[in-house]
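User: I am new to this model and would like to understand the terms used to describe it. Please explain the reasoning behind each one.

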Amino acid sequence: MGRALTMVATGAGKDEQTDAALLAAVAEGDMRAFHRLHRRYHSRVHSFALRLVRRSDLADEAANDTMVTVWRQAGSFRGDARVSTWVFGIAYRTTLRALRRVARHEGHDEVDETIAAPHTGTQMVEAAFLSRDIASALEQLPVAQRATVVLTHHFGYRLSEIAAITGLPEGTVKSRMFHARSRLRELLAGAAP
């Protein structure tokens with residue numbers, strides 16, 4: 001519980017304090033704390049994964065694998081970042097592994113990061129988040145750029161937090177955002193009537 005108390009003393013937000021306390025309890029094997037943490041994060045992680053893989057089955061798998069990893073790795077959380085940043089870092093890596101596994105299974109050497117057409121029945125982009133044209137343009141971005149845009153605009157992460165999530169230097173994340181915005185502008189200009 002030391003991390004949670006430190007967060008209270010440093011003025012961390014109430015949700016972050018709650019998350020840190022829950023994660024500390026999970027690290028001690030508290031299943032009820034895990035269930036609460038699961039309720040707080042599973043749907044958000046699923047939404048993130050779905051935006052990257054555009055396949056409900058893969059998003060389900062990535063979200064479930066992420067939460068299992070949270071359970072198993074709770075004791076490794078050092079408190080260097082917010083709990084949500086740590087969880088989304090796990091989700092990012094888990095989702096990329098799922099994409100790579102599917103690519104290998106389908107006979108591709110690497111993940112096709114520019115899969116343009118959504119898989120049938122999985123285009124689940126909420127109208128409040130993106131218009132149809134923006135959603136279509138977003139799907140045409142490489143996965144790494146798409147992840148940066150989704151983490152920024154849908155989940156509200158700052159570039160420094162995305163760097164922590166992805167394990168990349170902040171300059172690389174800024175570059176991905178720059179290229180993503182440039183490509184989105186091009187795609188949207190082409191979609192304009």
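User: What is the phi of Gly167, and where does Gly167 stand relative to helix 8?

Analyst: In this predicted model, Gly167 comes just after helix 8 and takes a positive phi of about 75°. Helix 8 itself covers residues 159-166, and its buried residues are Glu161, Ile162, Ala163, Ile165 and Thr166.

User: What makes the phi of Arg54 worth a remark?

Analyst: Most residues other than glycine have a negative phi. Arg54 is not a glycine, although its phi is positive, at about 55°. Arg54 belongs to the loop between helix 3 and helix 4, the latter being residues 56-73.

User: Why is Arg54 called buried?

Analyst: The term buried applies under 20% relative accessible area. Arg54 has a relative accessible area of 3%, so it is buried.

User: Why is His46 also given as buried?

Analyst: The relative accessible area of His46 is 17%, and because the limit is under 20%, His46 counts as buried. His46 is part of helix 3, which spans residues 31-53.

User: How do you know that the side chains of His46 and Asp60 form a polar contact?

Analyst: The cut-off for such a pair of N or O atoms is within 3.5 Å. The side chains of His46 and Asp60 are joined at 2.6 Å, as a polar contact. Setting aside neighbours within four places in sequence, His46 is in contact with Asp60 and also with Ser56, Ala59 and Ala63.

User: Why is Asp133 called partly exposed?

Analyst: Partly exposed lies between the limits of under 20% for buried and over 50% for exposed. Asp133 has a relative accessibility of 42%, and therefore counts as partly exposed. Asp133 is placed in helix 6, residues 132-139. Its C-alpha atom is separated by 6.9 Å from that of Leu188, although the two residues are 55 residues apart along the chain.

User: What makes helix 2 oblique to helix 3?

Analyst: The axes of helix 2 (residues 14-27) and helix 3 cross at roughly 135° and come within 8 Å. An angle over 145 would count as roughly antiparallel, and 65 to 115 as roughly perpendicular. The angle falls in neither range, so helix 2 is oblique to helix 3. The contact involves residues of helix 2, among them Asp15, Leu22 and Val26, and residues of helix 3, including Phe34, Arg36 and Tyr41. By class, the residues of this contact are eight nonpolar, one polar and four charged. The crossing of helix 2 with helix 3 is left-handed.

User: Why are helix 7 and helix 8 described as oblique to each other?

Analyst: The axes of helix 7 (residues 143-153) and helix 8 come within 10 Å and cross at roughly 130°. Because this angle lies between the limits of 115 and 145, helix 7 and helix 8 are oblique to each other. Their crossing is right-handed. Thr148, Leu151 and Thr152 of helix 7 meet Leu159, Ile162 and Ile165 of helix 8. This contact of helix 7 with helix 8 has four nonpolar, two polar and no charged residues.

User: How many helices and strands does the protein chain have, and what share of its residues is buried?

Analyst: The protein chain has nine helices and zero strands. Of its 193 residues, 44% count as buried. Among contacts between residues at least 6 apart in sequence, 65% join residues at least 24 apart.

Terms used. Residues numbered from 1 in each chain as written. Predicted model: local features only at pLDDT ≥ 70, side-chain atom pairs only at ≥ 80, totals over all residues. Heavy atoms only, no water. Helix = DSSP H or I, 4+ residues; strand = E, 2+ residues; numbered from the N terminus. Buried < 20%, exposed > 50% of the residue type's maximum accessible area, 1.4 Å probe, protein only. Polar contact = N/O pair within 3.5 Å; in protein donor to acceptor, adjacent residues only side chain to side chain. Contact = heavy atoms within 4.5 Å. Axes fitted to C-alpha atoms, helices over the stretch in contact; angles between N-to-C directions. Parallel < 35°, antiparallel > 145°, perpendicular 65-115°, else oblique. Left-handed = near helix turned anticlockwise from the far one by under 90°. Nonpolar A, V, L, I, M, F, W, Y, C, P; charged D, E, K, R; others polar.
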